[in-house]
Amino acid sequence: MQANDALPYQRVLLKLSGETLAGPDGAGIDPDKAAYIAQRVREVYELGMQVAIVIGGGNLWRGEPAARLGMDRSTADHMGMIATVMNGLALQDAIERLGIGTRVQTAVEMNSVAEPYIRLRAIRHLEKGRVVILSGGIGSPYFTTDSAAALRASEIHADVIVKATKVDGVYAADPMQEPGAQRYSRLRHQEVLDKQLRVMDTTAFTLCQENNMPIIVLNFWNPADLVKALQGDASVGTLICG
């Protein structure tokens, strides 16, 4: 794949929640949502960027609530990992329908449906112009898909993590409860911790800070925002960096 050296980022990891794929009731897999995600991915891909994706499984299963109800936490979390593979396969189908080669790699081995996660193989796929969906979390319980995104982004030497949300950046307070809350256009990792702003879980965010991994938080449902942010438009989202 020919890189576009004029872009601020060459290799991007897109972190999506499972709810991004959910239907109107917040559960299941909505084909229209999958098509929407695929279109956003194609727009980034056509800029000349390499794209990796980590997606959660909350639209299908949530391990932590199940554990609170008495299920063994490891069992519940492994079920959640399998849910992320199901979402990854749905995304693969939607993206390949647009003519873009896509690979699903999973930390939970299931060789008949997806490749095992191998770091150098993932990098090679990206270099060949394939979108890589990294599913199965990190293969171990007690870790969120935020942690998986932070770890995989560091491993594949991504230039930035894009955290796809329903709000257009990081605010000083909940904008739904305080409409006049300040939106930050740019923050340092340490500022996020000092101000106790919720961006990722602590484990994931600390890993990003230690590896000086930039994070862009944006509203994924504003169709133009993803491309704008990745082209360096400071009016879109919030950039968190060292």
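The following exchange asks how some descriptions of this predicted model are justified.

Reader: What makes the chain as compact as a globular protein of its length?
Author: The chain has 8 helices and 11 strands. Its radius of gyration is 17 Å, and the globule rule gives 18 Å for 242 residues; the two values are close, so the chain is as compact as a globular protein of that length. Along the principal axes, the C-alpha trace spans about 50 × 45 × 35 Å.

Reader: How do you know what share of contacts joins residues at least 24 apart in sequence?
Author: The count starts from contacts between residues at least 6 apart in sequence, and 72% of these join residues at least 24 apart. A contact here means heavy atoms within 4.5 Å.

Reader: What is the accessible surface of the chain, and how much of it belongs to carbon and sulfur atoms?
Author: The surface comes to about 11,300 Å², with 49% belonging to carbon and sulfur atoms. As for burial, 50% of the 242 residues count as buried.

Reader: How far apart are the mean positions of the positive and negative charges?
Author: They are 3 Å apart, taken over 24 positive and 27 negative charges.

Reader: Why is the pair of Y36 and W221 called stacked?
Author: By the rule used, there are 3 aromatic pairs. In the pair of Y36 and W221 the ring centres are 4.9 Å apart, within the 6.5 Å limit, and the planes meet at 25°, under the 30 degrees required, so the pair is stacked.

Reader: Why can this pair be said to tie together parts that are apart in sequence?
Author: Y36 belongs to helix α1 (residues 31-47), whereas W221 sits in the loop between β10 and α8 (225-230), so the pair links parts that are 185 residues apart in sequence.

Reader: What makes the pair of F220 and W221 edge-to-face?
Author: The planes of F220 and W221 are at 80°, with the centres 5.8 Å apart. An angle over 60 degrees counts as edge-to-face, so the term applies. Y36, F220 and W221 form one aromatic cluster.

Reader: Which of these terms, buried or partly exposed, fits Y36, F220 and W221?
Author: Buried means under 20% relative accessible area. Y36 has 18%, so Y36 is buried. F220 has 2%, so F220 is buried as well. W221 has 30%, so W221 counts as partly exposed.

Reader: Why is G56 called buried, and where does G56 lie?
Author: G56 lies in the loop between β2 (50-55) and α2 (63-68). Its relative accessible area is 4%, under the 20% cut-off, so G56 is buried. Leaving aside neighbours within four places in sequence, G56 is in contact with L16, S17, G18, T84, N87 and T145. G56 and T145 are 89 residues apart in sequence, while their C-alpha atoms are 5.7 Å apart in space.

Reader: What makes the phi of H157 worth a remark?
Author: Most residues other than glycine have a negative phi. H157 is not a glycine, yet has a positive phi of about 60°. H157 is placed in the loop between α5 (145-155) and β6 (160-165). With a relative accessible area of 52%, over the 50% cut-off, H157 is exposed.

Reader: Why is N212 called partly exposed?
Author: N212 has a relative accessibility of 49%, which lies between the cut-offs of 20% and 50%, so N212 counts as partly exposed. N212 also has a positive phi, about 50°, although it is not a glycine. Its place is the loop between α7 (202-210) and β10 (215-219).

Methods: Residues are numbered from 1 along each chain as its sequence is written. This is a predicted model: local features need pLDDT of at least 70, side-chain atom pairs count only at pLDDT 80 or more; totals for chains, interfaces and linings use all residues. Side-chain values use heavy atoms; hydrogens and water are left out. Helices (H or I, at least four residues) and strands (E, at least two) are DSSP runs, numbered from the N terminus. The radius of gyration is taken over C-alpha atoms; the globule rule is 2.2 Å times the number of residues to the power 0.38. Buried means under 20% relative accessible area, exposed over 50%, partly exposed in between (1.4 Å probe, protein chains only). Accessible areas come from the Shrake-Rupley method with a 1.4 Å probe; for residues, only the protein chains shown count as cover. Lys and Arg count as positive and Asp and Glu as negative; His and the chain ends are not counted. The place of a charge is taken as NZ of Lys, CZ of Arg, CG of Asp or CD of Glu. Rings of Phe, Tyr and Trp (its six-membered ring) pair if their centres lie within 6.5 Å; planes under 30 degrees apart count as stacked, over 60 as edge-to-face and the rest as tilted.
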